[in-house]
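Hi everyone, thanks for making room for me today. Let me put the structure up, and then we'll walk through it piece by piece.

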Amino acid sequence: MANKSDVLIIGGGTAGIMVAARMLKEDPNLSVSIIEPADSHYYQPAWTLVGAGTYNYEKTKRSMASVMPKKVNWIKEYADKFYPDENKVTTSGGKEYTYDYLVVCPGIKIDPALVEGLSEAMDKGVVCSNYTDPMHTWEVLKNFKGGTALFTQPTTPIKCGGAPQKIMYLAGDLWRKNGVAKNTNIVFATAGTIIFGVPEIAKTLMQVVDRNDINLRFGYKLVAVDAREQIAWYEMAPHEKEYNHKDIEVITDGNRKGIKFDMMHLAPPQSAPDFIKTSPLANEAGWVDVDHGTLQHNKYPNIFSLGDVAALPTAKTGAAIRKQVPIVTENIKRLMANKPKYEKTYNGYSSCPLVTGYGKMALAEFDYDNNFTPDPKLRQMLVFDSSKEHWRLWILKKYMLPYLYWNKMMKGVDV
Ligand SMILES: Cc1cc2nc3c(=O)[nH]c(=O)nc-3n(C[C@H](O)[C@H](O)[C@H](O)COP(=O)(O)OP(=O)(O)OC[C@H]3O[C@@H](n4cnc5c(N)ncnc54)[C@H](O)[C@@H]3O)c2cc1C
């Protein structure tokens, strides 16, 4: 027998819990269900600090039961198939759930298999990632004795695009303080062409790059990792270029270059979850095909998507979700009441707290066009130019944002 909800949500991560909490706060009589298989919910933005040994991993984790809004019907299963013409979702356990409105937000899949050799190499020995095991990152950073420290990222979309750099700046700071920096070459290899898309932030980051004497390598597309020989293999793009060259060991093989490393931090490749890719909701690239402004599905008007899984041309972050949630909930409310669409649309807002050292941070806030759009509320914190490093922004990252996340955002309160 089918179970019916007014609103059915797929995924109880940042987006799913925020949508549910907000909808129920505004109308406690709604029937809201969340399909979510996990026992724990994580505050992933703090994993950068865990990787740098300055935040307790256990504090980033809470039981799923504790963040589920009380009135939500929690279906502890994996969503499996979508039948949008029948307003129905089935789970891997074979159950059926129907809905009036569906919100799809199961996040992004960590997909190491897209880089040859990476599945075997991940989170072992000197290969670490804040995306999968930030405590291992800290072990690698603190035990590092010098050599080539390679920081890199894949060509796929990733959540929090700044995270592969943040840990590099923290590592640079750590190694300058503990003396390891003098016999270390820090290398950042990326397929991109620039350090950051927002010019104001790029300027600050180049100062941080100089302070840490970092060798930047652009046009490096990661294709394989040889864990035994400690070599990261790249296919070279035509726009290959370098900044602040260092004499590190690089092997050339046709159009490939292999960088020999003594430690490596990477963001693994990421993709849409398989059950989304193969569903009628996905676009060609596998992401949920929604309108960039209303977040409504381009084919099925009673389906919305937000968060990492949505096909939105902006950075995939929790901060973006904070601005996406009110658009989704208001549009659903209006559809329920047969009212015209919400006049406000999502402008692509996203934000990346660029930790640039212990006690230092710049805050990138931007829209679809990469315009720098700092929150005017920062002035209340006496931060007048958030494109520059500031200790108050570090306080925001380490203490204020986690507090706001657990106590306000998870409860459907605007922050
Ligand atoms: C190292 C790191 C640093 C970051 N730093 C920042 C930062 O500084 N600032 C920032 O704003 N963001 C940051 N982020 C990004 C941020 O954490 C994500 O963008 C955000 O959590 C995405 O929310 P989501 O709800 O889309 O997905 P998630 O929060 O990942 O939740 C997805 C949920 O869906 C569930 N799910 C999966 N499959 C199924 C299924 N088949 N059926 C039902 N449920 C399913 C999962 O169990 C999970 O609970 C960072 C992320 C990482 C990894």
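So, A232 has its bridge partner in β16, and that partner is I259. Keep in mind that what you're looking at is a predicted model. That pair belongs to the contact between β14 and β16, residues 256-260, where five bridges join two strands running antiparallel.

Now look at the other neighbour, β13. How many bridges join β13 to β14? Nine, and these strands, residues 215-226 and 231-243, run antiparallel too. If you want one pair to click on, K221 has E235 in β14 as its bridge partner. β13 and β14 make a hairpin with four residues between them. In that turn, Q230 has a positive phi of about 55°.

Let's zoom out to the whole sheet. It's an open one with eight strands, and the order goes β10-β17-β11-β12-β13-β14-β16-β15, with mixed pairing. Which strands sit at the edges? β10 and β15, the second being residues 250-253, and each of them pairs on one side only. For β10, the partner is β17: two bridges join them, and they run parallel. There, V127 stands opposite M264 in β17. As a quick reminder, strands of a sheet pair through backbone hydrogen bonds, either parallel or antiparallel.

Staying around here, have a look at helix α5, residues 134-143. Its buried residues are P134, T137, W138, V140 and L141. Why are they on the same side of α5? Because they cover an arc of only 165° around the axis. And what covers them? The list includes α2, β10, α6 (163-177) and β17 (263-266).

One odd residue before we move on: C160, in the loop between β11 (147-152) and α6. Its phi is near 45°, a positive value in a residue other than glycine. Is C160 buried or exposed? It's buried, because 25 other C-beta atoms lie within 10 Å.

Okay, how is the chain divided up? There's domain 1, made of 3-108 + 272-346 + 398-411, and domain 2, which is 113-270. Their centres, taken over C-alpha atoms, are separated by 32 Å. Where they touch, the contact takes 12 residues from domain 1 and 17 residues from domain 2. On the domain 1 side, those residues divide into six nonpolar, four polar and two charged.

Over to some more strands. β1 (residues 3-10) and β8 (residues 96-104) run parallel and are joined by seven bridges. S5 stands opposite Y99 in β8 there. β8 also pairs with β7, residues 88-91, this time in the antiparallel sense and over three bridges. K88 stands opposite T98 in that pairing. β7 and β8 form a hairpin with four residues between them, and G94 in the turn has a positive phi of about 90°. Then there's β19: three bridges join β8 to it, with the two running parallel. V104 finds its bridge partner there in S305.

Next stop, V328, which you'll find in helix α9. V328 counts as buried because it has 29 C-beta neighbours inside 10 Å. Which residues is V328 in contact with, leaving aside neighbours within four places in sequence? They are V19, V103, L295, F304 and L306.

Pick out L295 from that group. L295 lies in the loop between α8 (274-277) and β19 (303-305). Phi of L295 is near 65°, positive in a residue other than glycine. And L295 counts as buried as well, because it has 24 C-beta neighbours inside 10 Å.

Last topic: the ligand. There are 36 residues around it, and G11, G13, Q44, G107 and G307 come nearest. Which elements give two or more residues to the shell around the ligand? Those are α1 (14-26), α2 (47-51) and α9 (318-336). By class, the shell has 20 nonpolar, 12 polar and four charged residues. And which domains does the shell draw on? At least three residues come from each of domain 1 and domain 2.

That's my tour. Happy to rotate the model to any part you'd like to see again.

How values were computed: Residues numbered from 1 in each chain as written. Predicted model: local features only at pLDDT ≥ 70, side-chain atom pairs only at ≥ 80, totals over all residues. Near = placed C-beta within 6 Å. Nonpolar A, V, L, I, M, F, W, Y, C, P; charged D, E, K, R; others polar. Domains from an automatic or database assignment. Contact = placed C-beta atoms within 7 Å. Buried ≥ 20, exposed ≤ 12 C-beta atoms within 10 Å, placed from the backbone. Arc of directions from axis to C-beta. Pairing = 2+ DSSP bridges.
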